[in-house]
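Here's a quick tour of one protein structure, put together for someone new to reading them. Have a look at the picture first, then work through the points below.

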Amino acid sequence: MHSAVVEYRGWKEGSRCGYCASASGKVSAGMWAHSMTVQDYQDLIDRGWRRSGKYVYKPIMNQTCCPQYTIRCQALRFQTSKSHKKVLKKMLKFISKGDVSKVVSEEEPMDSHIEDVVPSDFAYKSESQVSQTELTPLNEDHAEGVENEDKDNAETKEETNVKKVESGSLQIPVDKDAAGPGEPSHSSKTVHAPPKPGKGADLSKPPCRKAKDIRKERKLQKLLQNQMGTLEGSPLQAGHQALLSQNSKTPTNQPKSIEDFIFVSLPDDAPHKLEVRLVPVSFEDPQFKSSFNQSATLFAKYQMAIHKDTPSECGENEFTRFLCDSPLEAENPPNGPECGYGSFHQQYWLDGKIIAVGVIDILPYCVSSVYLYYDPDYSFLSLGVYSALREIAFTRKLHEKAPDLCFYYMGFYIHSCPKMRYKGQYRPSDLLCPETYVWTPIEQCLPLLELSKYSRFNQDAKAVDEGHIKDLGRVRVLHKRTIMPYSVYKKRRKGPSDEASVQQYASLVGQTCSERMLLFRS
C-alpha cells in the first residue's frame, strides 16, 4: 500500500489529563492510521501531531488544559551542558571502572509519558471493525477515472480568507539562514536567555579561556598601544588593528562533543560492556523477534515501578499495541540512511542483557523519540538523559549519509507542567507555533509562556498557516475500495452530510497531507 490510510475520529473533549489535576480538561483530535509513509508522518508532526502505536493525535492547543508544544533540538549545533557531561562521564566510569555513583539526576527521564494518550479515549478495538479488503484500493487507473469525473464541473475557487491573528508588541527578527528543511517558513534568530543557576554554561558570555592566553593578549595590546602614538586616525591604524585582532585569536581548547564521551576506547579489562543495537520494529526481523520476550518483560517492570501500572495494564498485548505496532511503512531509498526510514527500537545491552529501550522513528528530516523504558535497577545511570544524548549523537551520524536529517524531536514541551520542562535544557531547541506552524527558538517562547500557557510564537501579525486547507474538494477519500476526491464522494454519499467532519480533519492535517493521504469513508 503506497498511500496513508487514516480514519478520522474527531475531537475528544473532557478526558483526563496526565499532567495536571484536571479530570476533564484534556482536548485533542485523533485518527487511526492503518498505514502511513514516513513523509506523511514527518509533515504531520510538523503540524503538531504525534503517534502512540497506530493512534495519531493532536492536542487542541487553545482549548486543552495543558498545551503541548512540539519541540525539536538542532542536533548538529547541540552543545552538552555541565549536567549532560556529568551523565556521560558517569556512564563512562561505570563501564570502564565499575564505579557506581548513585547521584540523583536533576532532569526527568526522556520518555513520552504514557498519559499523553489514554487508550480508552478512542477504543483500539475499532481497528478490526474495518476489513483489510475495504482498505485495499483498486488499481490506480480506476482511481484516476473517478478523479476525472468531477473535472467538467471544476471551477477555480478563491482561497478562503484566513482570519489574521492579532499579535502582541514583541517583535522577533528573522534569520533566513536558520531554517531547517521542510519548514513552512524560516526560524527566528536565537536570543539566549540567562541560564538558571546550575543549569549549564552562561550562553551570553564567551567561552572560558586560559589565564595564560589572556595575559598574552593584554601584553600584546599594551605593546601595540604604545607603538600607535601618532598613528591615531592615520591609514596605518587599520593595519595595527588587524594585527591586534589576528594575534588575539589564541588557540583555545575546543569543548568536547557528545561523541568524545561516547565513542572512546575502553581498557581490555573493563568490568562492563555496553552495546547499542538498532532493531527494526518488525516480527520478520530476527533480532527483534528473538529479543521480544526480554524487551516486553523489561517494559512491564518499568511501567509497574515508574508509572505504577498493574500487571494487566502492561502485558504483552499492551506492549505490542503501544510500542511495537506502527503505521509507518519502512523505506530504504538510495539517498537515505543505511538503516532506512521507519520505526525502530534502540536496545541498550549491558553485559548481555537489555537494560533500556529507546523507541524511535527515523523520518526524512529527523529522529523522533517515541518512548523510553529502562530497568529501574539501573536508575543511578540516568538512562533517560543518557539515551537522549545517544539519540542526538545518532541523529548526527545519520546526517552524514542523509543531509536533510538533522533534527531530534523530543515529543511535546509542556511549560505549564514543571516536571516536563526538562526537555528545554537540550539546546539549541525550537518550539512549533501552534497557529502558523513556524519553528521559533525556545528562548523567545519562554517569556510568552510565562505570561500565558497558550501562546502564538510567530509575532508577525500578517503570518498565517501556509498549509491551511484551500480546496476541500481535493481531499482524497477511500470509499468502497476506490480513491476519489471529496467533491466526487460528496455527490455519491447517501445520508447526512459529513462535510463538517472532513473540513475539521483537513484543517488539522493541512492541504498537502489531505491531498496525499486517503481518508477512509465507509
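The notes that follow go through a sheet, two helix topics and the cysteines. Keep in mind that this is a predicted model. In brief, there's an open sheet of seven strands, a pair of packed helices, H2 and H10, a mostly covered helix, H11, and zero disulfides.

**The sheet**

- Reading across the open sheet, its seven strands come in the order S3-S4-S2-S1-S15-S13-S14, and the pairing is mixed.
- At the edges you'll find strand S3 (50–52) and strand S14 (482–485), each of which pairs on one side only.
- On average, neighbouring strands in this sheet are turned by 40 degrees against each other, ignoring direction.
- Strand S13 (residues 476–479) and S14 run antiparallel and are joined by four bridges.
- Arginine 476 sits opposite proline 485 in S14.
- Helix H13 (residues 499–516) packs on the sheet, where it touches strand S1 (5–15), strand S2 (26–35), strand S4 (55–59), S13 and strand S15 (518–521).
- The direction of H13 makes about 140 degrees with that of S1.

**Two helices that cross**

- Helix H2 (residues 82–97) packs with helix H10 (residues 383–401) at an angle of about 100 degrees, and their axes are 10 Å apart.
- Angles from 65 to 115 degrees count as roughly perpendicular, so that's the label for H2 and H10.
- From H2, the contact uses His84, Val87, Leu88 and Met91, while H10 brings in Leu383, Val385, Tyr386 and Leu389.
- Sort the residues of this H2 and H10 contact by type and you get seven nonpolar, one polar and no charged.

**A mostly covered helix**

- Helix H11 (residues 442–451) has seven of its 10 residues buried.
- Those buried residues of H11 are Ile442, Glu443, Gln444, Cys445, Leu446, Leu448 and Leu449.
- They pack against strand S5 (69–74), strand S10 (407–413), strand S11 (429–432) and strand S12 (439–441).

**The cysteines**

- How many disulfides does the structure hold? It holds zero.
- For cysteine 17, the closest cysteine sulfur is in cysteine 65, 3.6 Å away, which is too far for a bond because a disulfide needs the two sulfurs within 2.5 Å.
- Cysteine 17 counts as buried, at 7% relative accessibility.
- For cysteine 406, the closest cysteine sulfur belongs to cysteine 366 and lies 9.4 Å away, again too far for a bond.
- Cysteine 406 is buried too, with a relative accessible area of 11%.

Technical notes:
Residues numbered from 1 in each chain as written. Predicted model: local features only at pLDDT ≥ 70, side-chain atom pairs only at ≥ 80, totals over all residues. Heavy atoms only, no water. Axes fitted to C-alpha atoms, helices over the stretch in contact; angles between N-to-C directions. Helix = DSSP H or I, 4+ residues; strand = E, 2+ residues; numbered from the N terminus. Parallel < 35°, antiparallel > 145°, perpendicular 65-115°, else oblique. Contact = heavy atoms within 4.5 Å. Nonpolar A, V, L, I, M, F, W, Y, C, P; charged D, E, K, R; others polar. Buried < 20%, exposed > 50% of the residue type's maximum accessible area, 1.4 Å probe, protein only. Pairing = 2+ DSSP bridges.
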